[in-house]
Amino acid sequence: MSTLTLKNLQGSYPDNKVAISAGHKLYAPGHVVQVKYGYYTSQTYTTSTSYTDLQSISITPASSTSLIYIQVNYHMAGKGVLNVKRDGSVLYTPSDLYMHWLNVSQGAWNSSSLRRPSSLLLMDSPSTTSSITYTTCIAAYNDPGAGFGVNELTSGQNYSIMTLMEIAQ
């Protein structure tokens, strides 16, 4: 193996692009290596305080040092929590099993509940080059009659999405 050292690398006229040949990958620290995403269009509701799995996306990191940036944007309603699992294990434990919206009286699903987009952003260090599956999950708050769900008013539409980005280190 040899090393090519340069001060500047430029593409040629007319498009000024530097092309990486098929089958080869550019791996630069801090850059996005790959992106996987999927829409969640089902209407799902739970009264269970245990996690109910929703959507799964798999990704195979190019390097064991890569980070996986997880972004979940779901249209939620009711009382509960949104979480993410990696290969079946939750990635974080909220301090309370409840999504708090200040100055808003949360009701159960379909009962005067605030319906709004909710986001969850996580950075994971899986330390592997094997395939990993990330799964979104929800659980209801422990309150009689409370429920929690996704896509109550938007079922079948592309409002809820999970995105995974591998970030080179």
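## Salt bridges, aromatic pairs and strand pairing

A search of the whole structure finds two salt bridges. The model is a predicted one.

One salt bridge joins Lys85 to Asp53, with the closest N and O atoms 2.8 Å apart. Lys85 lies in strand E5 and Asp53 in strand E3, so this pair ties together parts that are 32 residues apart in sequence. The two partners can be set against the accessibility cut-offs. Lys85 has a relative accessibility of 13%, so it counts as buried, because buried means under 20%. Asp53 reaches 45% and therefore counts as partly exposed.

In the other salt bridge, the side chains of Asp124 and Arg86 meet at 2.6 Å, N to O. Asp124 belongs to strand E7 and Arg86 to strand E5, so the contact links parts 38 residues apart in sequence. Asp124 is buried, at 6% relative accessible area. Arg86 is partly exposed, at 26%.

### Aromatic pairs

The whole structure also holds two aromatic pairs. Their geometry is listed below.

| Pair | Arrangement | Centre to centre | Angle between planes |
|---|---|---|---|
| Tyr37 and Tyr39 | edge-to-face | 6.2 Å | 85 degrees |
| Tyr40 and Tyr74 | stacked | 5.8 Å | 25 degrees |

Take the edge-to-face pair, Tyr37 and Tyr39. Tyr37 is exposed, with a relative accessible area of 54%. Tyr39 is partly exposed, at 42%.

Now the stacked pair, Tyr40 and Tyr74. Tyr40 lies in strand E1 (residues 32-40) and Tyr74 in strand E4 (residues 67-78), so the rings tie together parts that are 34 residues apart in sequence. Both Tyr40 and Tyr74 are buried.

Tyr40 has a further partner. Its side chain makes a polar contact of 2.4 Å with the side chain of Thr44. Thr44 sits in strand E2 (residues 44-46). With 14% relative accessibility, Thr44 counts as buried.

### Strand E4 and its partners

Strand E4, home of Tyr74, has nine of its 12 residues buried, so the strand is largely enclosed by the rest of the structure. Its pairings are as follows. E4 runs antiparallel to strand E7 (residues 115-124), with 10 bridges between them. Within that pairing, Ile70 has Leu122 of E7 as its bridge partner. Strand E10 (residues 160-167) is also antiparallel to E4, joined by seven bridges. There, Tyr69 is matched with Met165 of E10. Strand E9 (residues 148-150) pairs with E4 over three bridges, again in the antiparallel sense. Met76 stands opposite Val150 of E9.

### The open sheet

Four strands form an open sheet in the order E3-E8-E5-E6, with antiparallel pairing. Which strands lie at the edges? They are strand E3 (52-59) and strand E6 (89-90), each of which pairs on one side only.

Strand E5 (residues 80-86) and strand E8 (residues 132-140) run antiparallel and are joined by seven bridges. Gly80 has Ala140 of E8 as its bridge partner.

The salt bridges can be placed against this sheet. E3 and E5 both belong to it, and the Lys85 and Asp53 pair links these two strands. The Asp124 and Arg86 pair links E5 to E7, and E7 in turn pairs with E4.

Methods
Residues are numbered from 1 along each chain as its sequence is written. This is a predicted model: local features need pLDDT of at least 70, side-chain atom pairs count only at pLDDT 80 or more; totals for chains, interfaces and linings use all residues. Side-chain values use heavy atoms; hydrogens and water are left out. Buried means under 20% relative accessible area, exposed over 50%, partly exposed in between (1.4 Å probe, protein chains only). A polar contact is a pair of N or O atoms within 3.5 Å; within protein, one must be able to donate a hydrogen and the other to accept it, and residues adjacent in sequence count only if both atoms are side-chain atoms. Rings of Phe, Tyr and Trp (its six-membered ring) pair if their centres lie within 6.5 Å; planes under 30 degrees apart count as stacked, over 60 as edge-to-face and the rest as tilted. Two strands pair if DSSP finds at least two bridges between them. A salt bridge is a side-chain nitrogen of Lys or Arg within 4 Å of a carboxyl oxygen of Asp or Glu.
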